[in-house]
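This briefing addresses the ligand site of the structure shown below and one further residue. Please read it alongside the sequence.

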Amino acid sequence: MNAPFQRRQFASDNYAGICPEAWAALQEANHGHARSYGEDPWTDRAAELLRDLFETHCEVFFVFNGTAANSLALASCCQSYHSILCSETAHVETDECGAPEFFSNGTKVLLTPGPNGKVVPAEIERMVKKRSDIHYPKPRAVSVTQSTELGTVYAVEELRAIWAKTKSLGLRLHMDGARFANAVASLNCSPKEITWQAGVDVLCFGGTKNGMAVGEAVVFFNRDLAAEFDYRCKQAGQLASKMRFLAAPWVGILKDGAWLKYARQANAMAALLEAELRAVPGVKVLFPRQANAVFLELPQPVIDALYAKGWWFYSFIGQGGCRFMCSWDTSEEDVKAFAADVKAVVAK
Ligand SMILES: *Cc1c(COP(=O)(O)O)cnc(C)c1O
């Protein structure tokens, strides 16, 4: 392995490894035999822990990744002639290779503009009202990302306003929660406040970026929508035969609150990174830093010099600028080392 991959980076929270709690649970699950395809005690326990976390009787499914979780969840909200409204920067639009359309047999994803990577009620209304004829794919769902692709977070009131709009227009509400934990940590709220108490029908809760090796939970608060979802998962190649190994890490991160501890850590490190760099000449913070991402506009020579120093980060995500993502294991030393390099490069 070459050296740069061994240092902790800011390219993405999926560059990080597996947190100790998820790892320990995997090891614990690795004893003897268990029933396959989700009929094991680990899967039951993980689903039970999620029901406890959300304080409601939701239906829970475990899949391998976020693209599948989002696509299958959205497919369960729509018919093929419907459409899904989301932000222009939504992962379901920009980073899933058309999977939401594919798994829903053609449901069209329609984009709405909005500030800071968000969907806003007025745009939902505009998209629904602008056409009502049979030639237009009928809007049936709204997809919001919490926290957003631009590192911002919907406040409880913002979600409630979206819900009021979706309810009045007969739309379902899907939440891409690849970084749901970071949103909860940022808002310091209970998970129910930003999900079913804000009208979310189905949440895709990300485990991968929260410290697991692999896996997302699809959580249906609207349990009618979960009908035959197991068949959707199977057909899409998302039914794990050794399901206990997808489920056990959830038990590991949920049972003692590690999921929230790590999200808080990631958010705190992003806050520190922002504080370190905000006042550096030539550096501009692009969006309100509310979760574990910091977006910066940097002069090209600075970008090049940082790459030359072995730092990895993306400069094409979202609406331009460079994205710096903190993960569950980002440390203060990591942030300080990176900030020192930025300052040194700028000073040259
Ligand atoms: C990472 C991510 C996903 C999941 O992506 P996969 O690579 O399919 O696991 C979904 N939504 C958002 C906003 C993400 O950042």
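This is a predicted model, in which local features need pLDDT of at least 70 and side-chain atom pairs count only at pLDDT 80 or more, while totals for chains, interfaces and linings use all residues. Residues are numbered from 1 along each chain as its sequence is written, and side-chain values use heavy atoms, with hydrogens and water left out.

**Ligand surroundings**
- The residues around the ligand (a heavy atom within 4 Å of it) include Asn-65, Gly-66, His-91, Glu-149, Asp-176, Arg-179 and Lys-209.
- By class, this shell holds 1 nonpolar, 6 polar and 4 charged residues; Asp, Glu, Lys and Arg count as charged, Ala, Val, Leu, Ile, Met, Phe, Trp, Tyr, Cys and Pro as nonpolar, and the others, Gly among them, as polar.
- Helix α3 (residues 66–77) contributes the most to the shell, with 3 residues; helices are DSSP runs (H or I) of at least four residues, numbered from the N terminus.

**Polar contacts with the ligand** (N or O atoms within 3.5 Å)
- A polar backbone atom of Gly-66 is 2.9 Å from an oxygen atom of the ligand.
- A ligand nitrogen atom lies 3.5 Å from a polar side-chain atom of His-91.
- For Arg-179, a polar side-chain atom is 3.1 Å from a ligand oxygen atom.
- The protein buries 81% of the 390 Å² that the ligand exposes when taken alone (Shrake-Rupley method, 1.4 Å probe).

**Lys-348**
- Lys-348 lies in the segment after α13 (332–347).
- Lys-348 counts as exposed because its relative accessibility is 84%, the cut-off being over 50% with a 1.4 Å probe and protein chains only.
- The C-alpha atoms of Lys-348 and Ile-84 are separated by 48 Å, and the two residues are 264 residues apart along the chain.

Definitions and conventions:
A polar contact is a pair of N or O atoms within 3.5 Å; within protein, one must be able to donate a hydrogen and the other to accept it, and residues adjacent in sequence count only if both atoms are side-chain atoms. Helices (H or I, at least four residues) and strands (E, at least two) are DSSP runs, numbered from the N terminus. Buried means under 20% relative accessible area, exposed over 50%, partly exposed in between (1.4 Å probe, protein chains only).
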